[in-house]
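Biologist: Before we look at any one feature, could you show me how to read burial and charge pairing from a set of coordinates? I would like the general idea each time, and then the case at hand.

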Amino acid sequence: QAAIVGMNNGLENGVVLGNVNGTIQVTGVQTGGTSSIGNLTSNFPNPIGDIHNHPNNNPPSPGDVYSLINIRNQFSEYNTRYVITQDGTTYALVVTDTIAMNNFLQNYPPYQALPNVSPNFPNNLFYEWSDVFTIYNGDKAMALSYILDKFNAGIALTKSDSAGNFKKITVTENIINGSNNYTQTTCP
């Protein structure tokens, strides 16, 4: 993690985590683009996750969700995608239910506007994501967590607290006087 946080090349950089005979090992740092890590590679027989940075303060993106789904479907132990922002905030997307994850993928396939650019949610989900994002002054983590929960994606968005413990971000929608209102909580 320290090697990735210390990189200041304006690009996404990442490593793959692997389980080798019960020991967690890490690949060397791999460099992606300005808005996508691309395909991280490893020679691990049992990759279990990855860590990459976002060279700004953005939390995980819809593209990170779809990448995790695709990799999880190739490697059954690949459960976690960590994202570290420029300011050091660490998030983790965690697979919680593989069946729900694949149903989500089937019902809401990614929208790929341009090649070599991270995919996004299909329009109907993107519009809901955008509503939460707009109402809460650009809180992308809140918008992503809301979509993952509402549409039963089988993936949880978590955030590390000051002690290094990851807590799930939960967003609840309430209708107040005819307007949507969203409340964010973190699980203990």
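Biologist: Is D149 buried, exposed or partly exposed?

Modeller: Relative accessible area is the quantity to read here, with buried meaning under 20% and exposed over 50%. In this predicted model, D149 has a relative accessibility of 30%, so it counts as partly exposed.

Biologist: Which residue forms a salt bridge with D149?

Modeller: Side chains of opposite charge can pair when their charged atoms come close. In the present case the partner is K168, and the closest N and O atoms of the two are 2.8 Å apart. The pair links distant parts of the chain, since K168 belongs to strand 8 (residues 166-176) and D149 to helix 5, with their positions 19 residues apart in sequence. K168 is itself partly exposed, at a relative accessible area of 22%.

Biologist: How many of the residues of helix 5 are buried?

Modeller: Helix 5 spans residues 140-150, and 8 of its 11 residues are buried, so this helix is largely enclosed by the rest of the structure. The buried residues are A141, M142, A143, L144, S145, Y146, I147 and L148.

Biologist: What should I look for at the start of helix 5, and what follows this helix?

Modeller: At the start, look for a side chain that reaches a backbone nitrogen: a side-chain oxygen of D139 comes to within 3.2 Å of the backbone nitrogen of A141. After helix 5 comes N152, and there the backbone angle to read is phi, which is positive, near 45 degrees.

Biologist: How many salt bridges does the count come to?

Modeller: The cut-off is 4 Å between a side-chain nitrogen of Lys or Arg and a carboxyl oxygen of Asp or Glu, and by this rule the count comes to 5. One of them joins the side chains of R81 and D50, at 3.0 Å from N to O. Because R81 lies in strand 5 (residues 80-85) and D50 in strand 4 (residues 47-54), this pair ties together parts that are 31 residues apart in sequence.

Biologist: Are R81 and D50 buried or exposed?

Modeller: R81 is buried, and D50 is buried as well.

Biologist: Which residue forms a salt bridge with D161?

Modeller: D161 pairs with K167, their closest N and O atoms being 3.6 Å apart. D161 is partly exposed, with a relative accessible area of 27%, and K167 is also partly exposed, at 26%.

Biologist: Which residues are joined into one network?

Modeller: Here one reads for shared partners, and salt bridges that share them join D50, D64 and R81 into one network.

Methods: Residues are numbered from 1 along each chain as its sequence is written. This is a predicted model: local features need pLDDT of at least 70, side-chain atom pairs count only at pLDDT 80 or more; totals for chains, interfaces and linings use all residues. Side-chain values use heavy atoms; hydrogens and water are left out. Buried means under 20% relative accessible area, exposed over 50%, partly exposed in between (1.4 Å probe, protein chains only). Helices (H or I, at least four residues) and strands (E, at least two) are DSSP runs, numbered from the N terminus. A polar contact is a pair of N or O atoms within 3.5 Å; within protein, one must be able to donate a hydrogen and the other to accept it, and residues adjacent in sequence count only if both atoms are side-chain atoms.
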